[in-house]
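Colleague: I am new to this structure and would like a close look at a single part of it. Please start from one residue and work outwards from there.

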Amino acid sequence: MNNLLFRLPDTETAYEMANVHTEEVRNLEALGNRPGYVFSPFMQKADCPTLLFQTEDVSTWSIPATSAEVHFSYTDNGEECHRQYRRQFRECLQHLSSGAIRKIVLSRTLSLQFSCKVSDSDLRQLFIVACNDYPHSYVSLVPVPGGGHWLIATPEVLLEDAPAQMWHTMALAATMSVDEGEGLPPASWSEKDREEQHIVAAYIAQRLQAAGCTCTASPLHTLTAGQLLHLCTDFTFPRTASFGRVVTALHPTPAVCGFPTVSAQHLIAATEQHDRAYYAGFSGPISLPCGTHLYVTLRCMHLLGDRACLYAGGGLLAASDCEREWEETQRKLKTMLHVLR
């Protein structure tokens, strides 16, 4: 399936891009406001570039209120991942305890082997299931030329249109299950969670100011994403800086990388044994009829033939506990596992 599908949060309309032309974009500032759909990785590399999908063939259709469930039987490498995660956690904690890094986002993968190849009709059905399961999330199915498909159901805005010629972004960090934290005010979250979110919010405010943007921050609040809760601060600011400059200033945030950013990037490259590829990058339409809506590529699954790779991560501080962080990644992985039923 070569068509690209996406659905904005809290809507029932799917956008479908057919007959797309795909262009590699080596510099985010070169994006400008060129109409299309952008799919950018965590880190730009020759074999994992930012892609801009363009077409004049964009259709819309109503997402069915109910969807036929897609059941996949699979095996996974969960136990092996657990052992590897413990080793990597210990490595990260040494840097955090020394004070060299305040926060590091350690991610992990879960590899699935299906009993049969995922068909084009399966892909379309998985997209519909994700839309119905996560009505408040941004959902997309992105075909990468020669590289399978990425299914995404993410709650985190990187940059999007706001009224009165404004932009909107958010600082999203810390995680709690709905069962644990429903109705709990932000002030009652743990000190670790509030510090993690503060690092992200302060960084975004500083980066926007450096880009020449005067931003207004909302009060700290909780955001629901499926069965998870996160601490969130919304930022709005005038469109004084260029689109490409703002995107470059925001990506990657400490919510997906760490702080200080450059040191965190180096530690991620040295510690994680997998390639993040498009996980923790960003994705979404630019200057299309629906507007501009870029989302951080979280809660995602890379589908390739009869295999899939799921990604999840969590922010580590010096006070983090390994098993609690592991359980957080487990909860995040359930977003995509639930789509597979």
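Modeller: What follows starts at one serine in a strand and moves outwards through its surroundings.

The model is a predicted one. The starting point is Ser 140, which is placed in strand β9, residues 138–143. Ser 140 has a relative accessibility of 0%, so the residue counts as buried. Its side chain makes a polar contact with the side chain of Tyr 37, at 3.3 Å. Leaving out residues up to four places away in sequence, Ser 140 touches Leu 5, Phe 6, Tyr 37, Phe 127, Trp 150, Leu 151, Ile 152 and Ser 283.

Several of these neighbours lead on to other parts of the structure. Take Phe 6 and Trp 150: together with Ile 104, they have the most contacts inside the largest nonpolar core, which has 78 residues. Leu 5 belongs elsewhere, in a second, separate core of 31 residues that also includes Leu 110, Ala 308 and Ala 312. In soluble globular proteins, nonpolar side chains tend to be buried together.

Phe 127 leads to a helix. Among the buried residues of α2 are Phe 127 itself, Leu 123, Leu 126, Ile 128, Val 129 and Ala 130. The buried set of α2 also includes Asp 122, Gln 125 and Cys 131. Helix α2 covers residues 120–133, and at 1.5 Å a residue its 14 residues should span 20 Å; the end C-alpha atoms are 20 Å apart, which agrees.

Tyr 37 and Phe 6 lead to the aromatic residues. Both are members of one aromatic cluster, together with Tyr 15, Phe 53, Tyr 138 and Tyr 295. In total, the structure holds 14 aromatic pairs. One of them joins Phe 39 and Tyr 278: the ring centres are 4.3 Å apart and the planes are at 15°, so the pair is stacked. This pair links distant parts of the chain, since Phe 39 is in strand β4 (residues 36–40) while Tyr 278 is in the loop between α6 (261–271) and β17 (282–286), 239 residues apart. Phe 39 is buried, with a relative accessible area of 0%, and Tyr 278 counts as buried at 5% relative accessibility.

Two other aromatic rings have an arginine over them. The charged end of Arg 276 sits over the ring of Phe 42, 4.4 Å from its centre. Arg 239 lies over the face of Trp 167, at 4.3 Å from the ring centre.

Trp 150, a neighbour of Ser 140, is also in contact with Tyr 311. Tyr 311 is placed in strand β20, residues 307–316, and is buried with a relative accessible area of 7%. Besides Trp 150, the residues that Tyr 311 touches include Arg 108, Thr 109, His 274, Asp 275, Arg 276, Tyr 279, Cys 300, His 302 and Leu 333, again not counting residues up to four places away in sequence. Arg 276 is therefore both a contact of Tyr 311 and the residue whose charged end sits over Phe 42. The C-alpha atoms of Tyr 311 and Met 336 are separated by 9.2 Å, and the two residues are 25 places apart along the chain.

Tyr 15, from the aromatic cluster, leads to another strand. Leaving aside neighbours within four places in sequence, Ser 59 is in contact with Tyr 15, Ala 14 and Glu 16. Ser 59 lies in strand β6, residues 57–62, and counts as partly exposed at 30% relative accessibility. Ser 59 and Pro 185 are 126 residues apart in sequence, and their C-alpha atoms are 42 Å apart in space.

Strand β17 leads to one more helix. The buried residues of α5 pack against β17, and also against β11 (157–162), β12 (166–177), α4 (191–210), β15 (228–238) and β18 (293–296). Helix α5, residues 243–250, is mostly covered, with six of its eight residues buried. Those six are Phe 243, Gly 244, Val 246, Val 247, Ala 249 and Leu 250.

Note on methods. Residues are numbered from 1 along each chain as its sequence is written. This is a predicted model: local features need pLDDT of at least 70, side-chain atom pairs count only at pLDDT 80 or more; totals for chains, interfaces and linings use all residues. Side-chain values use heavy atoms; hydrogens and water are left out. Helices (H or I, at least four residues) and strands (E, at least two) are DSSP runs, numbered from the N terminus. Buried means under 20% relative accessible area, exposed over 50%, partly exposed in between (1.4 Å probe, protein chains only). A polar contact is a pair of N or O atoms within 3.5 Å; within protein, one must be able to donate a hydrogen and the other to accept it, and residues adjacent in sequence count only if both atoms are side-chain atoms. Contact means heavy atoms within 4.5 Å. The expected span of a helix is 1.5 Å times one less than its number of residues. A nonpolar core is a set of buried Ala, Val, Leu, Ile, Met, Phe, Trp, Tyr and Cys residues joined through side-chain atoms within 4.5 Å. Rings of Phe, Tyr and Trp (its six-membered ring) pair if their centres lie within 6.5 Å; planes under 30 degrees apart count as stacked, over 60 as edge-to-face and the rest as tilted. A charge sits over a ring if NZ of Lys or CZ of Arg is within 6 Å of the ring centre and within 35 degrees of the ring normal.
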